[in-house]
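Dear colleague,

Please find below the structure that I am handing over to you. My findings follow it.

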Amino acid sequence: MSATLPCGRRSNSAISRTLRALFLSLGVMHLAAANPQPRLIVTTASSPLQPAQLVSTSDTGISSGFLIEIDPAAIRQSVAGFGGCFNEKGWETLGLLSETDRTAVLCALFDPQSGCRFNLGRMPMGANDYSLAWYSFDETAADYSLEHFNIERDRQYLIPYLRAALRLNPALRVWASPWCPPSWMKTNGHYAGLPAPVNDLRPDQAGAEMVTQFRMEPRVLDAYARYFGRFLDAYREEGIEVSAVHVQNEPNSCQNFPSCVWRPEDLATFIGKYLGPLFRKQGRSTEIWLGTIERPQLERVSAVLDSPSGQFITGVGFQWAGKNAIPEVARRYPSMRLMQTETECGNGSNDWAAAEHTWTLLHHYFRYGAEAYMYWNMVLDETGNSRWGWRQNAMITVDRGSRSVRYNPEFYLMYHFSHFVTPGAKRLQLAGDETPAVAFLNPDGSIVVVAANLGDQARRFGVKVRAATFSAQMPARSFATAIIPPMQTVR
């Protein structure tokens with residue numbers, strides 16, 4: 001006999017039965033307890049998402065572990081949400097599954113009542129390293145009028161992928177970033193910047209960090225600004241609103257896959273004299289972000305923010321070594337919105353160690369003011385390979401031979417945050433910079449604490465909210481989420 005999935009779909013497949021078992025182990029719905037009590041969910045490498053006992057106790061009962069003291073008034077940044085990137089390889093992989101099993105996987109990621117409840121999505125403007133091949137929206141050389149602009153290729157992969165997610169969560173907010181402009185807009189006339197066996201770039205076409213590869217000619221800059229506008233309009237016609245653009249993925253990095261290096265001063269010129277004024281003239285509400293920044297040097301960020309282009313910039317996005325810039329950017333620009341834009345993707349191991357590393361990134365970014373955290377490849381096949389030869393991790397793996405689905409440790413780690421932390425939540429400051437936890441105050445008044453025990457021994461874990469203290473035993477090598485309902489937070 002079939003049963004109803006959390007998304008309302010019915011299936012008796014092994015994949016769907018596995019998901020049902022996980023969701024049922026957590027109760028009916030994420031906030032649907034008739035008599036709310038403090039709850040704890042614990043994940044280890046062998047036992048994901050297990051309910052555990054969170055008991056009322058005294059502070060002295062935590063002496064052998066760690067006590068997290070929470071002041072609900074110690075409010076920091078608002079949380080916009082969580083998500084991942086829509087890549088061609090992901091949709092191709094989901095195409096290996098039956099419609100029912102594909103829906104089950106998408107439910108686990110996007111359904112607003114179950115699973116990870118992702119409410120943010122990143123997408124590339126043209127090809128990225130997890131596209132199936134190089135393309136842009138206009139590869140006709142010198143087409144300054146963009147007469148040949150089209151998004152036909154996206155109708156095969158990215159648009160169906162996005163629509164499938166939007167059907168489950170119509171409130172999903174999509175933002176976009178180009179990895180590379182049309183190749184004719186680059187100084188080397190090629191999508192790549194680093195010669196390698198996986199591309200046909202000649203050595204004399206190689207780029208270098210801090211040497212702009214974009215053609216800084218007025219007619220090319222103007223055409224590229226209009227290219228952004230044409231992209232936004234084309235997607236709106238498909239029923240997909242793109243809420244923000246990050247102007248260049250990793251603007252410092254010469255890669256063997258689609259990429260384009262910009263000096264900060266040249267990026268400021270493009271934003272300040274072309275893209276920003278065009279968006280303003282056209283009355284667009286689309287946000288312009290400085291991103292995605294992958295280097296630690298503050299001056300490369302400040303060169304843009306402190307220029308006239310700063311008036312058009314909503315926020316700054318960081319990934320990879322950019323994580324070392326975010327503390328100082330947060331200090332110097334306290335009103336600037338900040339976000340993490342791409343998790344560090346690993347090497348295809350999809351193991352517990354990868355999840356522990358991602359935990360340190362989540363902890364770091366939220367501690368320093370990020371409003372959002374984005375995973376990279378949500379779904380890949382068992383090889384994890386990019387078109388350009390880099391094997392990477394994914395939250396969910398589909399085996400091409402057996403068509404089986406595996407939920408990797410990073411899926412469960414993301415669940416520990418995104419399922420329980422509601423968009424609009426506020427991060428709560430904790431005492432001690434190295435406290436192995438992150439706390440949030442949800443709009444409904446509940447408090448969510450996500451903690452990690454990365455040691456080889458079990459530890460006592462306590463949460464103190466005003467006069468109330470709750471504790472539990474955290475297994476070695478585990479993640480835990482404590483949910484303290486509103487009635488417990490006001491005592």
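Which residue in β19 is the bridge partner of Leu 428? The partner is Ala 439. The model is predicted, so to speak of local features requires pLDDT of at least 70 and side-chain atom pairs count only at pLDDT 80 or more, while totals for chains, interfaces and linings use all residues. Residues are numbered from 1 along each chain as its sequence is written, and side-chain values use heavy atoms, leaving out hydrogens and water.

Strands β18 (residues 426–430) and β19 (residues 437–441) run antiparallel, joined by 3 bridges. Strands here are DSSP E runs of at least two residues, and helices are H or I runs of at least four, numbered from the N terminus. Helix α9 (residues 352–367) packs on the sheet, and its direction makes about 50° with that of β19; axes are lines fitted to C-alpha atoms, for helices over the stretch in contact (heavy atoms within 4.5 Å), with angles from 0 to 180 degrees between N-to-C directions.

The largest nonpolar core (buried Ala, Val, Leu, Ile, Met, Phe, Trp, Tyr and Cys joined through side-chain atoms within 4.5 Å) has 130 residues. Buried means under 20% relative accessible area, with a 1.4 Å probe and protein chains only. Phe 82 is among the members that touch the most others. Helix α5 (residues 218–237) gives the largest share, 11 residues.

Helix α6 (residues 264–282) bends by about 40° at Ile 271, the angle between axes fitted to the seven residues ending there and the seven starting there. Just after α6, Gly 283 takes a positive phi of about 70°.

Yours sincerely

Key. Buried < 20%, exposed > 50% of the residue type's maximum accessible area, 1.4 Å probe, protein only. Pairing = 2+ DSSP bridges.
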